[in-house]
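Please look through the sequence and the model that follow before reading on. The paragraphs after them lead from the contact between two domains to single residues and their partners.

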Amino acid sequence: LLVSKDLGKHLLEVEDLLQKHGLLEADVSAQTERVRALNAAALKFSELEGYQPCDPQIICNRVNHVQTCLEELQELAAKRRKELEDSRQLWTFFQEMEEAEAWIREKEKILAAKSCGRDLSSVVTLTNKHKTMLGELGNRRALLHQTMKKGEKILAKKPSGSAGIQEKMREVCLRWKKLEEITGLHQQRLEDALNFFQFSAETDDLVAWLQDTYRIVSSDDFGHDDYSSRALLRKHRAVVDEVEKHRGAVLALRRQLALLAPDRRQGVDVQIRVVEVEQLYGEVAEVAVLRTQWLQDALAVYRMFSEVHACEVWVDEKEQWLEKMEVPEELDEVEVVQHRFESLDQEMNSVMGRILDVNQVVQQLVDGGHPSSDEVRSCQDHLNSRWNRVVELVENKKSQLSSVLKIQNFLLEC
């Protein structure tokens, strides 16, 4: 049993042989105690004095022979154990290498079957799975490194039978290197897909924002009075600020496109999409500028209407006063009225300045092609005509006062 050359043809068989060898070693160990006891008892007969049933030399020779046989048996047992353990080490190496090959084949199939996703969500999911696989790859790399060290130790012990070991190590190393290359390529494809779909998602978000903003800046609501127009203009200026802030994002699209993988950035749809975004942004910016002008014009109109109303209230008041006023004939009363006209002249100068401002605003609106030009011009004409009426009344009343003063002064001289 101990000189058997059967060292197993696979790991399970070697484990079985080692288990049987352990039983055999236990049996040898048990017989060793028995042999020692028997040898000790036999040697006593060689030490007897007087009658000796057997020649002492024969007894000694017999004891030595049995001891030698036992030692040889122990040496054979130790040698076979070492051979079996070396065999187990060898088959363990081959099994670990086969497991590594099987793991490599499995990952190769997974990588060959994997897509890079159809949208941002699927790409992110695949990227997370790939990161998990990279962790497994690192762990498996460490295990393979340990197995390779085992193979090198076996080669150092048995250089004569190294062909199969070296071939297996070379084969697995090549497959591992190929797997790492495939993994790297797949990771690059995932990164390219992630960059592309992030770019697409950001572009879609930008388009959605621009479309919403276009609807806002193209609104035909310019308010119905000074307060509402002012509020709309304030909100619109905030929108204009946001449009300006997004200018950088639109300009960056070209740079982001240049960073995409060649097969991604050269797609016609992608390039058309970038052009569409740039054109849409240009339209939004242009309409935003126009709406700013329209709101300012609307605000100017409502301010003008408000100013016209204030002037007309003053004109109404003075017109009624002038029409009802009768020029007195007494000198004292004439002087009082004359003082009133002096104050009126100051008021008229102030109102004249406001009316001139109104006329200037109206001219600017008309020259700018404001849609309410006719209404504004009509309002201006009405105000100017009423102002001229007041001026005419004032001049008449002043003329009458002047005549009364001349008469009063002539009478005083007389």
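**Where two domains meet**

In this predicted model, domain 2 and domain 3 bury about 690 Å² between them, and 51% of that area is on carbon and sulfur atoms. Of the area that domain 2 buries against domain 3, Asp226, Arg230 and Asp297 supply 59%, which is more than any other three residues contribute. Counted by residues, the meeting involves 11 residues of domain 2 in contact with 7 residues of domain 3, while the centres of the two domains, taken over C-alpha atoms, are separated by 51 Å. The division behind these values splits the protein chain into domain 1 (1–86), domain 2 (193–297) and domain 3 (299–413).

How many salt bridges are counted between domain 2 and domain 3? The count is 1 salt bridge. The side chains of Asp226 and Arg303 meet in a salt bridge, with a distance of 3.7 Å from N to O. Asp226 also appears among the residues named above for the area that domain 2 buries against domain 3.

**Salt bridges along the chain**

A search of the whole structure finds 27 salt bridges, and a few of them can be followed one by one. Glu85 forms one with Arg81, where the closest N and O atoms are 3.4 Å apart. Because Glu85 and Arg81 are 4 residues apart in helix 2 (residues 56–113), about one helical turn separates them. Glu85 is partly exposed, with a relative accessible area of 34%, and Arg81, at 26% relative accessibility, likewise counts as partly exposed.

A salt bridge between two helices is found at Glu136 and Lys107, whose closest N and O atoms are 3.0 Å apart. Glu136 lies in helix 3 (residues 120–157) and Lys107 in helix 2, so this pair ties together parts that are 29 residues apart in sequence. Is each partner buried or exposed, or in between? Glu136 is partly exposed, with a relative accessible area of 33%, whereas Lys107 is buried, because its relative accessible area of 8% falls under the 20% limit for that class.

Glu244 forms a salt bridge with Arg247, and the closest N and O atoms of this pair are 3.1 Å apart. Glu244 counts as partly exposed at 45% relative accessibility, as does Arg247 at 34%. Elsewhere, salt bridges that share partners join Asp316, Glu319, Glu323, Arg386 and Arg389 into one network.

**Buried and exposed positions**

Thr203 has its place in helix 4 (residues 163–217). At 2% relative accessibility, Thr203 counts as buried. Which residues does Thr203 touch, when those up to four places away in sequence are not counted? Thr203 touches Leu253, Arg273 and Val277.

Val3, by contrast, is found in the segment before helix 1 (11–45), and it counts as exposed because its relative accessibility is 58%. Val3 forms a nonpolar patch on the surface together with Leu73 and Leu76, and the accessible area of these residues together is about 230 Å².

Asp241 lies in helix 5 (residues 226–245) and is partly exposed, with a relative accessible area of 47%. Asp241 and Met148 are 93 residues apart in sequence, and in space they are 65 Å apart, taken from C-alpha to C-alpha.

Notes. Residues are numbered from 1 along each chain as its sequence is written. This is a predicted model: local features need pLDDT of at least 70, side-chain atom pairs count only at pLDDT 80 or more; totals for chains, interfaces and linings use all residues. Side-chain values use heavy atoms; hydrogens and water are left out. Helices (H or I, at least four residues) and strands (E, at least two) are DSSP runs, numbered from the N terminus. Buried means under 20% relative accessible area, exposed over 50%, partly exposed in between (1.4 Å probe, protein chains only). Contact means heavy atoms within 4.5 Å. Patches are made of residues with over 30% relative accessible area and no salt bridge: like charges are joined within 9 Å, nonpolar side chains (Val, Leu, Ile, Met, Phe, Trp, Tyr) within 5 Å. Accessible areas come from the Shrake-Rupley method with a 1.4 Å probe; for residues, only the protein chains shown count as cover. A salt bridge is a side-chain nitrogen of Lys or Arg within 4 Å of a carboxyl oxygen of Asp or Glu. Domain bounds come from an automatic or database domain assignment. Buried area is the accessible area (1.4 Å probe) that two parts lose on being put together, summed over both.
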